[in-house]
Amino acid sequence: MKYKSQQVAYWFFALSMLLLALQIIYGFIMGFAHMGYDGLHNFIPFNTARAVHTNLLVVWLLSGFMGAAYYIIPEEAEQELVSVKLAYVQLVSLAVVGVVAIVGYHFNYWEGRKFLEIPRPLDYLVVVNVLLFLGLILATLFKGKKRTTTSLVLSMGLLFAALLYLPGMIWFDNQTMDSFFRWWVVHLWVEGVWELIMGGILAFLLIKITGVDREVIEKWLYVIVGLTFISGILGTGHHYYYIGTPRIWLMIGGVFSALEPLAFLGMALFAVAMYRKGEKKHPNKVALNWTLGTAIMSFVGAGLLGVAHTIPQVNLYTHGTLVTAMHGHLAFWGAYAMINLAIISYTLPNLTGRKLYDTGNGALAFWLSNIGMLGMTVAFGVAGVAQVYMERIMGVEFGIVQQEIQVHFAILIACATMFTAGICIYMYEFVKYGRPSEEAMLNS
Amino acid sequence: MLSKSQARFFFLGGTIVSFLIFLGLSWKSLSDDVPRQTNAQNLTPEVVRGKHLWESNNCMGCHTIFGEGAYYAPELTKVMERRGEAYVKLALTSKTPWSPRGRKMVAYGFSDAEAADLIAFLTWCGNVDLNGFPAKPKYQQLSTNQ
């Protein structure tokens with residue numbers, strides 16, 4: 001840590017950890033409900049648990065991205081954050097909006113559009129919050145001495161993510177139009193601008209961890225984010241196969257979705273190649289695990305499992321089944337949860353001054369959570385494929401199929417328990433690091 | 001070997017070209033094909049009220065419509081065709097949780113007017129041209145569970 005204001009990042013990461021813990025709890029509620037144990041139905045019906053689970057995911061990832069930006073931008077721009085006080089205002093308001101939304105979901109207060117359930121009045125607060133965040137980041141960047149590619153890509157990702165939130169706030173009478181623009185937010189976030197954010201953070205981590213020349217890393221960063229956008233923007237078409245939009249999207253979506261794994265493959269090869277090329281071996285092994293892990297798991301989860309599910313002829317049967325949940329879990333975990341855990345692992349020793357670089361707990365957290373999540377993905381996949389064959393191909397009634405596949409949710413819960421154990425250890429380490437300190441600045 | 005400025009050109013050029021194609025295709029779809037495929041002329045006030053109810057109760061949090069939503073409860077695009085109006089109305093107006101095969105739905109207890117709006121919305125959805133979704137099961141005739 002070179003700049004005092006970077007400490008703000010710690011509190012965003014702490015908020016992330018808290019929300020991740022809650023997200024997992026609601027995940028278990030849904031897993032048990034799928035098995036037939038829905039004792040909480042009167043208080044937390046499935047649609048509440050579902051909205052809370054996915055929205056907490058989005059908010060903790062965003063909080064992590066914001067923390068990452070507050071850490072990375074001052075260091076890259078060689079400039080203290082323009083206002084630490086406003087950054088804390090932004091943190092508190094983010095937490096308040098998130099909590100109000102989530103409490104509201106328990107009282108039927110929402111706008112039931114998948115992933116965008118936050119009710120309209122709170123949407124405006126989200127906009128104000130994000131504008132404040134962007135103002136702070138961009139002002140720091142432009143006041144700073146340097147504007148590196150890494151910081152520009154990261155800031156561009158954050159700026160576009162904010163802009164793309166807006167199409168999701170327009171009301172349409174027509175369900176098809178509604179869905180069409182909802183994907184401008186959801187798809188263009190996760191398969192577009194969030195990958196810029198991920199790429200920016202990954203480049204920063206690789207520069208720090210491997211010691212490879214910045215020019216080389218940033219050159220490949222451009223190539224990868226270029227591939228991301230070329231495949232991802234038109235890849236939006238895979239959401240437009242079967243929602244009342246014309247057939248041209250079957251072709252456009254099919255072709256460009258097939259290209260999407262290339263961007264992720266590029267990212268994985270890039271990370272591994274830079275690691276091998278690097279002469280400097282940074283002692284922070286935990287951060288290194290997560291950094292290489294995110295590059296590889298995002299290729300598997302988002303890239304490979306994504307394309308398997310977006311071939312139009314396959315998607316005709318898998319669309320709207322548990323197969324989507326299979327892809328969704330490993331994609332979000334590999335690409336966005338892991339990049340957050342990577343940057344947190346890298347920054348914690350620098351923020352707190354405690355150098356827990358290569359602990360057994362750190363490795364255990366990594367392996368337990370990853371193996372657990374892979375097991376969950378397989379359980380969802382088996383349940384999903386069984387559902388597709390029974391319900392969509394054989395024509396067996398939905399409820400009967402759900403009873404048949406209940407057993408896979410027992411496996412899911414077992415694997416989720418392993419995953420949770422890994423996350424608990426990660427959080428234990430997080431707490432053990434203690435708070436950010438002034439000494440940490442002197443040490444670096 | 002590729003230089004950094006060439007890489008930047010690839011990124012910016014590729015992004016701009018892709019985005020322009022995307023905007024063009026979107027414009028064509030929304031101005032021409034979508035109104036036709038969705039029978040936009042049939043979006044009556046009842047259908048729109050039904051959509052409001054659909055969203056304000058987060059039906060998508062359990063069900064899917066056009067294959068989008070959650071996977072806890074049945075896909076509803078063709079529910080009117082599959083179950084008929086009487087069954088759907090019963091599920092919507094029930095004061096106790098509707099629970100076919102033990103899986104509970106929230107007991108919304110909608111009024112007759114609200115149920116009629118939701119039925120209008122679901123009927124409209126059922127008539128949208130979805131390029132063949134949901135596909136007819138291949139081996140339906142072998143199944144005895146309908």
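Here are some notes on this predicted two-chain model, starting with chain A and ending with its contact with chain B.

1. Overall build of chain A. The secondary structure here is helical: chain A comes to 15 helices and zero strands. Its radius of gyration is 21 Å, close to the 22 Å that the globule rule gives for 444 residues, so chain A is as compact as a globular protein of that length. If you turn the C-alpha trace onto its principal axes, chain A spans about 65 × 45 × 45 Å.

2. Domains of chain A. The domain assignment splits chain A into domain 1 (1-137), domain 2 (148-282) and domain 3 (318-444). For domain 1 and domain 2 of chain A, the centres taken over C-alpha atoms are separated by 21 Å.

3. How domains 1 and 2 of chain A meet. In this pairing, 26 residues of domain 1 of chain A are in contact with 26 residues of domain 2 of chain A. Together the two domains bury about 2,200 Å², with 74% of that on carbon and sulfur atoms. On the domain 1 side, the residues that lose the most area to domain 2 of chain A are F65(A), E76(A) and R113(A), which together make up 29% of what that side buries.

4. Polar links between those domains. The rule finds three salt bridges across the interface of domain 1 and domain 2 of chain A. R113(A), already mentioned for its lost area, forms a salt bridge with D178(A), and the closest N and O atoms are 2.9 Å apart. Eight residue pairs are in polar contact across this interface, both residues being at pLDDT 80 or more. Two elements, α2 and α4 (120-143) of chain A, give two or more residues to the domain 1 side. Of these, α2(A) supplies the largest share of that side, 11 residues. By class, the domain 1 side divides into 19 nonpolar, no polar and seven charged residues.

5. A backbone detail in chain A. E78(A) is worth a look: its phi is positive, about 55 degrees, although E78(A) is not a glycine. You will find E78(A) in the loop between α2 (46-77) and α3 (84-105) of chain A.

6. Chain B on its own. The domain assignment of chain B gives domain 1 (1-37) and domain 2 (39-137). The C-alpha centres of these two domains of chain B lie 35 Å apart. Please also check the peptide bond from F133(B) to P134(B), which is cis, with omega near -10 degrees. P134(B) sits in the segment after α5 (112-126) of chain B.

7. The contact between the chains. Chain A contributes 80 residues to the contact and chain B contributes 71 residues. Between them, chain A and chain B bury about 6,800 Å², 64% of it on carbon and sulfur atoms.

8. Polar links between the chains. Seven salt bridges are found by the rule across the interface of chain A and chain B. In one of them, D38(A) pairs with K104(B), the closest N and O atoms being 3.3 Å apart. The rule also finds 32 residue pairs in polar contact across this interface, both at pLDDT 80 or more. On the side of chain A that touches chain B, helix α7 (residues 214-235) of chain A gives the most, with 13 residues. Sorted by class, that side of chain A has 41 nonpolar, 23 polar and 16 charged residues.

Methods. Residues numbered from 1 in each chain as written. Chains lettered and ligands numbered in written order. Predicted model: local features only at pLDDT ≥ 70, side-chain atom pairs only at ≥ 80, totals over all residues. Heavy atoms only, no water. Contact = heavy atoms within 4.5 Å. Buried area = accessible area lost by both parts, 1.4 Å probe. Salt bridge = Lys/Arg side-chain N within 4 Å of Asp/Glu carboxyl O. Polar contact = N/O pair within 3.5 Å; in protein donor to acceptor, adjacent residues only side chain to side chain. Helix = DSSP H or I, 4+ residues; strand = E, 2+ residues; numbered from the N terminus. Nonpolar A, V, L, I, M, F, W, Y, C, P; charged D, E, K, R; others polar. Domains from an automatic or database assignment. Rg over C-alpha atoms; globule rule 2.2 N^0.38 Å.
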